Amino acid sequence: MHQPALLVVKALSSVVALGANIICNKIPGLAPRQRAICQSRPDAIIVVGEGAQLGINECQYQFRYGRWNCSALGERTVFGQELRVGSREAAFTYAITAAGVAHAITAACSQGNLSQCGCDREKQGYYNQEEGWKWGGCSADIKYGVEFSRRFVDAREIKKTTRRLMNLHNNEAGRKRETQLNIFPV
């Protein structure tokens with residue numbers, strides 16, 4: 001790279017970093033580790049928000065006829081601590097939100113909308129000898145989406161209280177269910 005081009009790239013990355021810093025500091029409810037992830041991966045934070053919103057929408061759909069219908073979720077922020085009391089509703093909310101984030105990150109990677117991830121490399125070039133075909137598409141890298149969800153969503157749960165351990169368990173249950181069933185349609 002020529003020296004002027006290198007300066008332009010460095011200046012551009014500084015502007016992007018400054019923009020990420022400003023944006024991430026304005027999102028209410030982010031824990032310090034979530035804010036750090038936001039600043040290092042500003043392209044992913046929008047997708048995380050979409051995934052959390054997917055979870056809220058699914059929660060509202062599942063409980064649409066119930067006394068509690070998830071309607072209060074997402075009013076202030078999709079990242080904040082929404083439910084203070086440990087309950088079945090809280091458990092479902094944590095699970096469905098973690099699953100939504102995993103799903104959205106996985107889909108964005110497969111569509112090429114995020115840097116640092118893409119298609120599942122384990123399936124590329126797969127050859128089915130019995131049926132005589134070779135896989136040439138882009139399989140969803142579910143492992144990446146689940147791991148990103150684990151790093152981001154679980155970053156709030158730093159104290160080892162029973163409630164935090166329950167939240168971590170529910171987050172993991174949601175991610176596991178998403179990988180088994182792909183609960184969010186594409």
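Me: How many of the 23 residues of α4 are buried in this predicted model?
Reply: Good place to start, and keep in mind that the model is predicted. A residue counts as buried when its relative accessible area is under 20%. By that cut-off α4 is mostly covered, and the number of its buried residues is 18.

Me: What distance does α4 reach from its first C-alpha to its last?
Reply: Let's start from what is expected for its 23 residues at 1.5 Å a residue, namely 33 Å. The model comes close to that expectation, with a reach of 33 Å.

Me: Which residue with a positive phi follows α4?
Reply: Look just past the end of the helix for a phi near 75°. The residue there is Gly 112.

Me: Which helix gives the largest share of the largest nonpolar core?
Reply: This core has 22 residues, and among those touching the most other members are Val 48 and Phe 152. The elements that give two or more residues to the core are α2 (32-40), α3 (42-62), α4 (88-110) and α5 (142-153). With 6 residues, the largest share comes from α4.

Me: Why might nonpolar side chains gather like this?
Reply: Here a general tendency helps. In soluble globular proteins, nonpolar side chains tend to be buried together.

Me: Does the span of α3 agree or disagree with what its 21 residues should give, and what is the distance between its ends?
Reply: At 1.5 Å a residue, the 21 residues of α3 should span 30 Å. The distance in the model agrees with this, since the end C-alpha atoms of α3 are apart by 31 Å.

Me: Which helices are included in what covers the buried residues of α3?
Reply: First pick out the buried residues of α3, including Ala 44, Val 48, Gly 51, Gly 55 and Cys 59. A helix has 3.6 residues a turn, so residues three or four places apart point the same way. The cover over the buried residues of α3 includes α2, α4 and α5.

Me: Is Arg 41 buried or exposed?
Reply: Arg 41 lies in the loop between α2 and α3. Leaving out residues up to four places away in sequence, Arg 41 touches Leu 114, Ser 115, Gln 116, Tyr 144 and Phe 148. Its relative accessibility is 6%, and a residue under 20% falls in the covered class. Arg 41 therefore counts as buried.

Me: What is the relative accessible area of Gln 116?
Reply: Gln 116 is found in the loop between α4 and β1 (127-128). Gln 116 has a positive phi of about 70° although it is not a glycine. Gln 116 is exposed, and its relative accessible area is 60%.

Me: How many disulfides does a search of the whole structure find, and which cysteines form them?
Reply: One disulfide is formed by Cys 24 and Cys 38, whose sulfur atoms are 1.8 Å apart. Another joins Cys 109 to Cys 117, with 2.0 Å from S to S. The search of the whole structure finds a total of 2.

Me: Is the disulfide of Cys 24 and Cys 38 left-handed or right-handed?
Reply: Both of these cysteines, Cys 24 and Cys 38, are buried. Cys 24 lies in helix α1 and Cys 38 in helix α2, so the pair ties together parts that are 14 residues apart in sequence. The torsion about their S-S bond is about -80°, so the disulfide is left-handed.

Me: What is the torsion about the S-S bond of Cys 109 and Cys 117?
Reply: Cys 109 and Cys 117 are buried. Their link is left-handed, with a torsion about the S-S bond of -90°.

Me: What pattern does the chain follow along the sequence?
Reply: The chain has 6 helices and 2 strands. Of its 186 residues, 37% count as buried. Reading along the sequence gives the pattern α-α-α-α-β-β-α-α.

Me: Where in the chain is confidence lowest?
Reply: The mean pLDDT of the chain is 77, and 72% of its residues reach 70 or more. Over residues 1-15 the pLDDT stays under 50, and this stretch has 2 contacts beyond four places in sequence. Where pLDDT is low, the predicted coordinates should not be read in detail. Confidence is highest in α5, at a mean of 93, and lowest, at 54, in helix α1.

Technical notes: Residues are numbered from 1 along each chain as its sequence is written. This is a predicted model: local features need pLDDT of at least 70, side-chain atom pairs count only at pLDDT 80 or more; totals for chains, interfaces and linings use all residues. Side-chain values use heavy atoms; hydrogens and water are left out. A nonpolar core is a set of buried Ala, Val, Leu, Ile, Met, Phe, Trp, Tyr and Cys residues joined through side-chain atoms within 4.5 Å. Buried means under 20% relative accessible area, exposed over 50%, partly exposed in between (1.4 Å probe, protein chains only). Helices (H or I, at least four residues) and strands (E, at least two) are DSSP runs, numbered from the N terminus. The expected span of a helix is 1.5 Å times one less than its number of residues. Contact means heavy atoms within 4.5 Å. pLDDT is the predictor's confidence in each residue, from 0 to 100. A disulfide is a pair of cysteine sulfur atoms within 2.5 Å.
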